[in-house]
Amino acid sequence: MIETACDPTIEKHFKGHENAITSLCFHPETTQLVSSSLDKSIILWNLKESVRAYKFFGHKDVIFEVTYAPSGEVIASASRDRSVRIWVPKVTGQCIDFKAHSGAVRSIQFSPDGEKLVTASDDKNIKLWMVCQRKFLMSFVCHTSWVRCARFSLDGRLIVSCSDDKTIKLWDIASGQCIRTFHDTKAYSTYVEFHPSNSVIGSANIAGCVKLYDLRTASLYQHYATHKGPVNMIKFHPKGNFMLTASDDSTMKVLDLLEGRPIYTLKGHATNTSVKSITFSSNGDFFASGGADHQLLMWKTNFDKDDIVVRKMPHLILPIEESKLEIKDEKLFKNNDISEEEVEEEEEEGREKEKEEEEEMESLHKKFSPTISQSEKTHCAVPDSEILNEKIQYKVINMRNQKPLEVGRIVNISHLPKKSPNKYSSKVVDALNEQVQSLCDAVTVLEQRLSVLEEELRK
């Protein structure tokens, strides 16, 4: 019973899309969840009321990604119709759009300060935009095939991207230059993301594996051959010690990055359907998954609560710089005991804020010079979306107490043929060198942990 208390559990089950769910994103305060789909729509789910949802229309083709701004005030979406839309997440469903690329826009993300927007496209380009002014800043041109994903670093100084050209590139925003390239000779990556330490990047690969690269040593740090099908997406837990993966094999995996092995296999979506998208809430207490079965599942994390070792251990790898978090919403830290005068003041502030939002929206429309036709002004509708009360059948396989069959820091070379050793001897040597380097890195991390433990014992 103690073990099951730490297993992930399904909290809510949403259904409203008519096609595969391509992207998910929690509101920064975990009050809402937004999803995009191949059905060309965006649905805004209200997690607190748990009743009403709103579906937004506007894109003329499938939507590949949707994301909240750090402030939670607007939503951005990217589509195969080559456009980007900025939405105000209200009942009216107002939005402004602009053509961002000459090909399908597959990826979109706000910078940590919310002022910039990075987009990646099938036109092989990555573009940086100033959000409020709809101003194009620069292009990052070096990939030779479709760019699947582009992500900001936590400090907003770097961008990482992956492409069908089997490379992962690191870009310096100040200079606009590519400062590092990671090559994969076998298969391309579908998704990349910065680790919360800001010094490691993770990638999802169509070969069914997940790779972590150390930016300081420019080497492969961890390698997980965990799935039987292509990995569509990965997400780091906000604490940095776990990773969630989604695959075409209908499963999700929870990886313990400190132990270097998978600890959970999650089966909730329909068999023989791929899990397309996953996301963590900002505090890591919840995560959501969307699949080709048109269903959206919201899970309670739980597994981070049993992270006893991590309480006195450092993160997977120490950050380059300690980032300072700016808390913009001070209401979360106010005392629950509020007087009537304070309530009236808050109501007045709320009314003033609504007026300011309307004025900002009008100014935003003017700045972006929207090209929406009159027939497209109605973007929002109350769909036949619902939260299903019946319990969905799901399976959680706990591998914590099992003997680890897959070790993340050991490169898997079992796939190499044994018939012609001379032909593949150089590849085997390279793989062994990578393995030795990974083991050295592991020893370094263990030494750091031991030193931290010694300091704690001395105290």
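The largest cavity in this predicted model is lined by Lys166, Thr167, Ile168, Phe182, His183, Asp184, Ala187, Tyr188, Ser189 and Tyr213. Sorted by class, that lining comes out as 5 nonpolar, 3 polar and 2 charged residues. Two strands, β16 (167–172) and β17 (177–183), each put at least two residues into the lining. As for volume, the largest cavity holds about 40 Å³ of space, and a search of the whole structure turns up 2 cavities of 30 Å³ or more.

Ser189 and Tyr213 of that lining lead us to a sheet. Here 4 strands make an open, antiparallel sheet, ordered β18-β19-β20-β21. At its edges sit β18 (189–194) and β21 (219–224), each pairing on one side only. Ignoring direction, neighbouring strands in this sheet are turned against each other by 20 degrees on average. Looking inside the sheet, β19 (residues 200–205) and β20 (residues 210–214) run antiparallel and are joined by 5 bridges. One pair to look up on screen is Gly202 with its bridge partner in β20, Leu212.

Another open sheet of 4 strands, again with antiparallel pairing, has the order β6-β7-β8-β9. Its edge strands are β6 (63–68) and β9 (95–99); each has a single partner strand, so one side of each is left without a neighbour in the sheet. The twist from one strand to the next averages 15 degrees. Within this sheet, β8 (residues 83–87) pairs with β9 in the antiparallel sense, and Trp87 faces Cys95 of β9 across that pairing.

Now for strand β28 and its partners. How much of β28 is buried? For this strand (residues 295–300), 5 of the 6 residues are buried, so β28 is largely enclosed by the rest of the structure. It pairs with β1 in the antiparallel sense, and also with β27, again antiparallel. The hairpin of β27 and β28 has 3 residues between the strands, and His294 there takes a positive phi near 70 degrees.

Here are the strand pairings with their bridge counts and one facing residue pair for each:

| Strand pair | Bridges | Facing residues |
|---|---|---|
| β8 (residues 83–87) and β9 | 5 bridges | Trp87 and Cys95 |
| β19 (residues 200–205) and β20 (residues 210–214) | 5 bridges | Gly202 and Leu212 |
| β1 (residues 9–15) and β28 | 6 bridges | Ile10 and Trp299 |
| β27 (residues 286–291) and β28 | 5 bridges | Phe286 and Lys300 |

Thr271 is worth a look too. You'll find Thr271 in the loop between β25 (261–267) and β26 (275–280). Is Thr271 buried or exposed? Its relative accessible area is 64%, and the cut-off for exposed is over 50%, so Thr271 is exposed. From Thr271 to Asp293 the C-alpha to C-alpha distance is 9.0 Å, with the two 22 residues apart in sequence.

Finally, the annotation. An unreviewed UniProt entry lists "repeat: WD" at residues 14–55, 56–87, 98–129, 140–181, 224–265 and 268–300. In the model, residues 56–87 are 0% helix and 56% strand, with the end C-alpha atoms 9 Å apart. Residues 98–129 come out at 0% helix and 59% strand, and there the end C-alpha atoms are 11 Å apart.

Definitions and conventions: Residues numbered from 1 in each chain as written. Predicted model: local features only at pLDDT ≥ 70, side-chain atom pairs only at ≥ 80, totals over all residues. Heavy atoms only, no water. Pairing = 2+ DSSP bridges. Axes fitted to C-alpha atoms, helices over the stretch in contact; angles between N-to-C directions. Buried < 20%, exposed > 50% of the residue type's maximum accessible area, 1.4 Å probe, protein only. UniProt positions renumbered as here; feature names shortened; annotations may be inferred. 1 Å grid on protein atoms, 1.4 Å probe; cavity = no way out; pocket = protein on both sides within 12 Å on 5 of 7 lines; lining within 4 Å. Points joined across faces, edges and corners; volume = space filled by probe spheres on them. Nonpolar A, V, L, I, M, F, W, Y, C, P; charged D, E, K, R; others polar.
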